[in-house]
Structure formats: structure tokens, C-alpha cells
Amino acid sequence: MTTVRVGRRRTKTKYALTVLAFLLPSAIPLLLFVLGPMVAALWVSLTKWNLLSPAQFVGLDNYVKLLSDPTTGAVFLHTLYYIAGYLPLVYIGGLALALALNTALKGRAFLRGIYFLPVVTSWIVVALVWRWLLSPSTGIVNVVLGWIGIHGPGWWTDPAWAMPSIILASSWKDLGFVMVILLAGLQAIPTDMYDAAKVDGAGWWRRLFSVTLPLLSPSTFFVIVISLINGFQVFDQVYAMTGGGPNGASEVVVEQIYDLTFRYGRAGDASALSWMLFIVILAVTLIQVRGQRRWVNYG
Amino acid sequence: MSTRRLVLFILLHVVIIVGAIVMFFPFLWTIITSITPGASLTSTPALIPANPSLGAYGRLFTERPFGQVILNSILLAAITTVVQLVTSSTAAYAFSRLPFRGRTLVFGLYLATMMIPLQVLIVPLFVELKTFGLIDSYLGALLPTFASAFGIFLLRQAINQVPVELDEAATLDGAGHFRTFWSIIVPNIRPALATLVVFSFMSSWNSFLWPLIVLRSPELQTLPIALAGLQGQYISDWDVIMAGSVVSVLPILAIYIFAQRYVVQGVASSGIK
């Protein structure tokens with residue numbers, strides 16, 4: 001009896017050690033460099049701290065202050081503006097491309113490569129290139145607009161056009177990524193579904209709405225979840241293209257977090273805003289995961 | 001082919017090709033600008049430069065330490081990629097094949113790390129690494145990139161699609177978990193691994209904020225930081241800035257071309273289900 005029990009305990013221990021051996025290489029860095037700092041940020045958010053002198057505990061003051069500060073509302077609004085422009089543009093564009101490239105087309109791989117190229121390019125490069133393309137007086141976009149008699153706007157130098165410029169550059173960069181994911185989803189749809197729809201006399205649009213889109217819904221769901229998670233965290237392109245300007249017209253949440261920390265030395269406020277953003281992202285993601293049963297079709 | 005289908009066929013090609021040109025044009029424009037000496041804010045380069053020159057590229061490597069900067073970026077990206085392959089595949093194996101109590105919760109925590117903006121972590125992370133004395137060192141730049149929740153998610157989806165019967169056969173042959181992992185799972189998820197190589201290399205190659213904060217010495221600088229520096233120094237020398245952009249895209253382009261067929265496959269096999 002005892003030997004059996006000891007033996008079982010030994011195999012149990014051995015199994016636990018195996019699990020640990022597989023998990024620790026990733027768990028240690030995640031704990032030390034993501035979850036740990038995150039909890040620390042929660043503590044920082046309850047303090048007044050300029051990164052130099054010792055932190056002072058202030059309770060929920062930072063949150064209260066942020067909630068009553070009109071800047072907070074403004075930066076969240078700018079972020080939503082970004083998402084509202086960006087998401088439909090990349091999704092519809094990516095879907096159109098995926099549908100087109102899913103047909104028997106010569107040089108498909110090459111074309112896919114071209115559409116994917118911006119995805120692998122760094123944000124700094126994209127921002128530099130788009131600032132140059134959208135340069136108000138000598139940028140090629142305004143020069144071409146000039147040929148057809150349109151006086152182009154000031155793009156990133158104009159408060160009203162700064163965000164559209166960022167949306168344009170972001171959509172250009174991410175279109176290929178959305179295309180690849182939707183393409184993968186399209187290739188998983190069995191062709192006999194289309195054959196059956198054709199036999200029933202369904203036209204192209206009908207097939208799109210009754211076969212393709214419902215069966216593509218898991219990929220669509222993935223694109224929307226990831227795009228929203230990334231969209232709320234939009235930063236690199238804003239930092240490199242406009243720095244949140246002109247006059248704060250494109251100041252998004254993370255840009256504000258960055259400025260609070262490194263420009264104004266308000267680490268406590270920055271951490272509080274970070275946590276508010278994290279909670280918003282988490283809530284938006286959970287709502288989507290809950291809501292997916294209504295429209296996502298896992299076949 | 002009926003006339004209607006022929007028209008559709010031609011229309012489709014026209015749209016796709018025009019689209020590709022529009023997508024590629026910014027790159028073409030970058031290359032043209034980089035070989036147009038004196039391209040600046042006051043003049044628009046011609047589509048075909050009158051006196052093309054590689055002078056801007058020369059200035060990158062003589063006036064700025066771009067050779068060193070490129071080597072730094074390659075080194076960091078290579079280390080990140082190799083480490084992420086190991087940490088992601090082992091964790092993915094555990095989440096797919098090794099049931100244990102609380103696994104769903106742990107996996108949920110892993111996924112939650114994807115939703116945390118890097119900026120949230122910057123201050124505590126900086127203080128932490130300063131305590132360890134790792135500011136202004138490659139280790140400091142590398143450590144936070146060692147585990148990737150995205151990579152683990154991607155590989156777990158791939159391992160889930162490897163038939164369990166293969167593992168069972170290996171177990172019957174006396175293979176333990178490490179052996180099964182190495183000789184059954186790893187060979188069967190190659191497309192997903194290749195996808196991860198592209199994404200890991202790319203994210204390290206392009207990462208900006210964290211290296212900007214950690215790496216202080218000019219000789220440790222990576223490409224994106226050096227590029228951002230160009231914008232400050234050569235404020236109106238668009239040819240130099242665009243030459244730097246071209247140089248920074250080439251290596252990542254080479255990797256992508258090499259792994260392209262796997263990337264689509266890898267995303268496809270992850271099924272995103």
C-alpha cells in the first residue's frame with residue numbers, strides 16, 4: 001500500500017516538475033517584466049511621484065483628478081476617433097483584397113508580398129515616409145492634388161487633418177496584416193458550400209453575405225479584437241508623425257501617458273491613466289468575447 | 001468565357017494592380033527621394049531623378065555610425081527571436097498537452113499580458129532594471145522581450161491541431177514529454193514556428209520606445225532610434241532620411257521573402273478558432 005502511494009506521489013511530483021520545466025522559461029520573464037511592473041504601476045498610480053524624489057501616497061486622488069480633467073476626456077475621444085476611422089478602413093480594404101487575392105490570379109504570391117510589405121516596415125520609417133508624402137507644400141500627394149485643381153490640406157500640420165493623416169498612414173501599414181488573416185479564413189471555407197449556393201442560384205453578393213461573411217466570422221472576430229486592443233494603444237505613429245499635435249489635436253491616451261511621465265514628471269498620474277486604459281481595453285475585449293456567441297459562427 | 005466574366009476578370013486585375021501600385025508607391029517614392037541629391041522640403045523630387053546619386057547612403061555610413069547600428073539591431077533581433085522560439089514553444093506545449101489545475105486561469109493571465117500597453121510598464125520596468133544595474137546594456141533591452149504572449153497563443157493553436165494520436169504513439173514507444181515535444185510536436189508545427197520567427201524578428205527590429213529609454217550610449221543604438229535621430233539632425237535632408245529608411249527595410253524584407261509562404265500558412269493553421 002505505502003509503496004504504491006509513495007510511487008504515485010513520486011510520479012505526481014515528476015509530472016509537476018515537467019509542467020514547471022515547460023512553463024518557467026516563459027513564466028519568469030512574464031512575471032518579472034510584465035505582471036510585476038504592472039502591479040507596481042498600480043501602486044505608483046496611488047502616489048504622487050516625479051521619478052526623482054520619494055513617492056508620496058495619495059490614495060485615489062490621481063484617479064479623481066484625471067476623471068475631472070477635461071484633457072482625459074479629450075485624449076480618449078481622440079483615441080476613439082482614431083479607431084472609428086481606422087477599423088472600417090482596414091477591415092473593408094483587407095476584406096476586398098483578401099477576396100480578390102483568393103481567386104485564381106497570376107502572380108498572387110508577389111502581390112500578397114507587396115501588400116504585406118508595409119506590415120513589416122517599422123513605424124518610424126512609415127511615419128517618416130508619410131510625413132514626406134503628406135508634406136503640405138512639396139509632398140507628392142498635394143502636388144498630385146494640385147494637378148487636378150485641388151488645393152490640398154496641411155495634413156499633419158493642420159489640427160483638423162492631423163488625425164486623418166495618422167489614420168491614412170496606419171491603414172496603409174496594417175491593410176496587409178488584415179488581408180493575410182482574412183485570406184487564411186477564406187481558404188478554410190469548403191468550396192462545396194459555394195457550389196451548393198450556386199446551385200441554389202445565389203449571385204455573387206448573395207454568396208458574399210450568406211456564405212462567405214458568416215463562415216469568415218471567426219477571422220473577422222479576431223481582426224476586430226486585435227485591432228481594438230492595438231487601437232486603444234496607438235502610440236508610435238502618433239509620436240513619430242505629429243507628437244500629439246498640432247495643439248494637442250491628435251493627442252491620444254498613450255501619448256498623454258508618455259508626456260505625463262517623461263515631459264511633466266507626473267508618474268503617478270501617468271500610471272493612473274495607464275490603469276484606466278487597461279481597464280477600458282479589458283472591458284471592451286470581455287464584452288466582445290461574451291457577445292461573440294451572437295454572431296460568430298464556429299462551424 | 002462569357003463577355004460578362006471577361007469584363008469582371010479584367011476589372012479585377014485592374015483594381016488589384018492599381019491597388020498594388022498605390023500600396024507600393026510610398027516605397028518607390030522613398031527610393032527615388034533617397035537617390036535625389038538635395039531633396040528637401042523646398043523642392044519635390046522628379047519621378048526620374050536627373051542626377052541620381054548614392055551620396056545619401058554614403059553619408060549614412062560616414063557621417064553616422066550606421067554600420068554599427070545595423071549590426072546592433074541584427075544582434076538584438078536574432079537573440080530575441082531564438083529565445084522567443086524556445087519560451088513560446090515550451091509554454092504552448094504545456095497549455096496544449098499538459099493538463100494541470102488552474103491551467104485556464106494561467107493561460108488567461110498570459111493572454112492578459114497582451115492587453116497591457118508597454119507604456120504602463122515603462123516606469124516600474126525602468127526602476128526595476130536600474131536596480132539590477134541593467135540600464136544602458138543589451139541585457140536590459142532584451143530581458144522584457146524574452147516571453148511573448150502572442151507567440152505562445154500562436155503556437156498553442158498550432159499544437160492543438162497536431163493529432164493527439166501522434167503523441168500517444170510516441171508515449172507507447174516509451175517517449176517522455178520532452179522527447180515527444182522535440183521529435184513529434186516541433187517538426188509538426190514548422191509553419192507556425194516560421195511565422196513566429198518573422199513576427200519576433202520584426203517586432204524586435206522595429207521596436208522603438210523601450211530601446212529608446214534603455215540604451216543611452218550612441219554605440220549601443222538600434223536602427224529605429226538612429227532613424228528618429230536622423231530626423232532631428234538632417235531636418236530637411238530628406239534624401240538622407242529616406243536612405244536610412246530604405247536601409248532599415250531591406251533586412252526585414254529579406255526575412256519576409258524567405259518565410260512568406262509559411263506566414264500565410266502559419267496564420268491559416270492557427271485557425272484563429
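Buried residues make up 40% of the 299 residues in chain A, a residue being counted as buried if 20 or more other C-beta atoms lie within 10 Å of its own, as exposed if 12 or fewer do, and as partly exposed in between, with C-beta atoms placed from the backbone. The structure is a predicted model, in which local features need pLDDT of at least 70 and side-chain atom pairs count only at pLDDT 80 or more, while totals for chains, interfaces and linings use all residues. Residues are numbered from 1 along each chain as its sequence is written, and chains are lettered from A and ligands numbered from 1 in the order in which they are written.

Chain A contains 13 helices and 2 strands, where helices (H or I, at least four residues) and strands (E, at least two) are DSSP runs numbered from the N terminus. The C-alpha trace of chain A spans about 80 × 60 × 35 Å along its principal axes. Its radius of gyration is 25 Å, against a value near 19 Å for a compact globule of 299 residues; the radius is taken over C-alpha atoms, and the globule rule is 2.2 Å times the number of residues to the power 0.38. Chain A is divided into domain 1 (2-44) and domain 2 (61-295), with bounds that come from an automatic or database domain assignment, and the centres of these two domains, taken over C-alpha atoms, are separated by 37 Å. Of the contacts in chain A between residues at least 6 apart in sequence, 69% join residues at least 24 apart, two residues being in contact if their C-beta atoms, placed from the backbone, lie within 7 Å.

Several local features of chain A concern its loops and one of its helices. A:W155, which is not a glycine, nevertheless has a positive phi of about 45°; this residue lies in the loop between α6 (140-147) and α7 (159-187) of chain A and is buried, with 23 other C-beta atoms within 10 Å. A positive phi, of about 60°, is also found at A:N247, again not a glycine, in the loop between α11 (236-241) and α12 (253-262) of chain A. In contrast to the buried A:W155, A:N247 counts as exposed, with 9 C-beta neighbours inside 10 Å. Helix α8 (residues 191-199) of chain A lies largely in the open, because the number buried among its 9 residues is 0, and just after α8(A) the residue A:G201 takes a positive phi of about 80°.

Chain B has 13 helices and 0 strands, and its pattern along the sequence reads α-α-α-α-α-α-α-α-α-α-α-α-α. The radius of gyration of chain B is 23 Å, well over the 19 Å that the globule rule gives for 273 residues, so chain B is more spread out than a compact globule. Its C-alpha trace spans about 70 × 70 × 30 Å along the principal axes. Buried residues account for 43% of the 273 residues in chain B, and among contacts in chain B with a separation of 6 or more, 77% are made by residues 24 or more positions apart.

Between the two chains, 70 residues of chain A are in contact with 69 residues of chain B. On the side of chain A that touches chain B, helix α1 (residues 2-44) of chain A gives the most, with 16 residues. The residues of this side divide into 53 nonpolar, 16 polar and 1 charged, where Ala, Val, Leu, Ile, Met, Phe, Trp, Tyr, Cys and Pro count as nonpolar, Asp, Glu, Lys and Arg as charged, and the others, Gly among them, as polar.
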